[in-house]
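Biologist: Please pick one part of this structure and walk me through it slowly, as you would for someone who spends the day at the bench. I would like to follow where it leads in the rest of the chain.

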Amino acid sequence: MYNFERLSYDIKIAVSDDHTFGTDAVILSYFAKIKAKDVALDMGTGCGIIPFMWLRNKNVQSVSCLDIQENAIEQVKYSIELNHLEERLTPYLCDLREVEKTFPAEQFSLVTMNPPYKPLGTGIESLSDSAKIARHEICCNIEDAVKAASYLLKYSGRFCMCHRPERLVDAIELMRKYKLEPKRLRFVQDRAGEQPFLFLIQGQKGSRPFLRVEPQLIIKKENGKFTDEMLEIYGSYADGYDR
């Protein structure tokens, strides 16, 4: 039923046709810069790639994740048991639009989300219901994610998300609406000289205005191989990669 990806020497993750992961989520896990003291939550976790990337650091101890799809949560639970991470990662079957039914307010210091990118009625809709929910704004949109993050975060807590560049203005406007001041912004390009295909943004609850635009993240060198920074992001997951 599942295939497995080895993320480090001691952590591997279950993936399936319904719930797998891509480069965007891996990059977001890195951009979030989780700290050992963080109490962290990943929303719309899918297979759980962001929490499992974090848990490669043995100092990270308090991570939760949520998803609206039962088959996603069951898949995450399988990976938790496989890696004996029951004490460090807690999954929740939860609709983030009703997050207050599951979580008390201001519980987390870090919240992340790799949200659906495609508005309803755009693009070629995927075949499976799970893939539709993951890729299209069926169960949540940017505002739903930002609103939920604002409710969940403590004062000065951070919300990190990624999205397509054409939605950047929407993301910034909504973060300010819900008191998550944009503090860090980074664009991602496939190769140097190309247009960005992704942005990463961090908002901080209750913070004063000051936005730092970080250097672009370049995924590939001219020869098509990963850049040194991408290899750093992947860590031991990239062991054996031909540079």
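**A close look at helix α1**

Modeller: Let's start with α1, which contributes three residues to the lining of the second largest pocket, the most of any element. Before going on, please keep in mind that this is a predicted model, in which local features need pLDDT of at least 70 and side-chain atom pairs count only at pLDDT 80 or more, while totals for chains, interfaces and linings use all residues. Residues are numbered from 1 along each chain as its sequence is written, and side-chain values use heavy atoms, with hydrogens and water left out.

The helix itself spans residues 23-31. Helices (H or I, at least four residues) and strands (E, at least two) are taken as DSSP runs and numbered from the N terminus. Most of α1 is covered, with seven of its nine residues buried. Here buried means under 20% relative accessible area, exposed means over 50%, and partly exposed is in between (1.4 Å probe, protein chains only). The buried ones are Asp24, Ala25, Val26, Ile27, Leu28, Ser29 and Phe31.

Now to the pocket. Rolling a probe the size of a water molecule over the atoms shows where empty space is left. The search uses a 1 Å grid over the protein atoms alone: a pocket is an open set of points with protein on both sides within 12 Å along at least five of seven lines, whereas a cavity is a set where a 1.4 Å probe fits but cannot get out. Lining residues have an atom within 4 Å of a point. Grid points are joined across faces, edges and corners, and a volume is the space filled by probe spheres set on the points. On that basis, the second largest pocket has a volume of about 200 Å³.

Its lining is made up of Val26, Ser29, Tyr30, Lys33, Ile34, Met53, Trp54, Arg56, Asn57, Glu232 and Ile233. At least two residues come from each of α1, α2 (49-54) and α7 (228-234). By type, six of the lining residues are nonpolar, two polar and three charged. In that count Ala, Val, Leu, Ile, Met, Phe, Trp, Tyr, Cys and Pro are nonpolar, Asp, Glu, Lys and Arg are charged, and the others, Gly among them, are polar.

Lys33 deserves a second look, as this lining residue follows α1. Lys33 sits in the loop between α1 and β3 (39-43), and its phi is positive, about 50 degrees, although it is not a glycine. Most residues other than glycine have a negative phi, and most peptide bonds are trans. Glu106 is another non-glycine residue with a positive phi, about 55 degrees. Glu106 is in the loop between β5 (89-93) and β6 (108-113) and is partly exposed, at 47% relative accessibility.

Back in the helix, Asp24 leads us to a distant part of the chain. Its side chain meets that of Arg164 in a salt bridge, at 3.4 Å from N to O. The pair joins helix α1 to the loop between β7 (153-163) and α6 (168-177), across 140 residues. A salt bridge here is a side-chain nitrogen of Lys or Arg within 4 Å of a carboxyl oxygen of Asp or Glu. Asp24 counts as buried because its relative accessible area is 12%, while Arg164, at 24%, counts as partly exposed.

That contact belongs with a wider set, since the structure holds 15 salt bridges. Another pairs Asp10 with Lys58 (2.5 Å, N to O). Asp10 is in the loop between β1 and β2 (12-15) and Lys58 in the loop between α2 and β4 (62-67), so this bridge ties together parts that are 48 residues apart in sequence. Asp10 is partly exposed at 41%, and Lys58 is exposed at 53%. Elsewhere, Arg184, Arg212 and Glu214 are linked in a salt-bridge network. Within it, the side chains of Glu214 and Arg212 meet at 3.1 Å, N to O. Glu214 is buried, with 13% relative accessibility, whereas Arg212 is partly exposed, with 42%.

One last long-range pair is Leu152 and Leu41, 111 residues apart in sequence and 8.9 Å apart in space, C-alpha to C-alpha. Leu152 is in helix α5 (residues 142-152) and is buried, at 0% relative accessibility.
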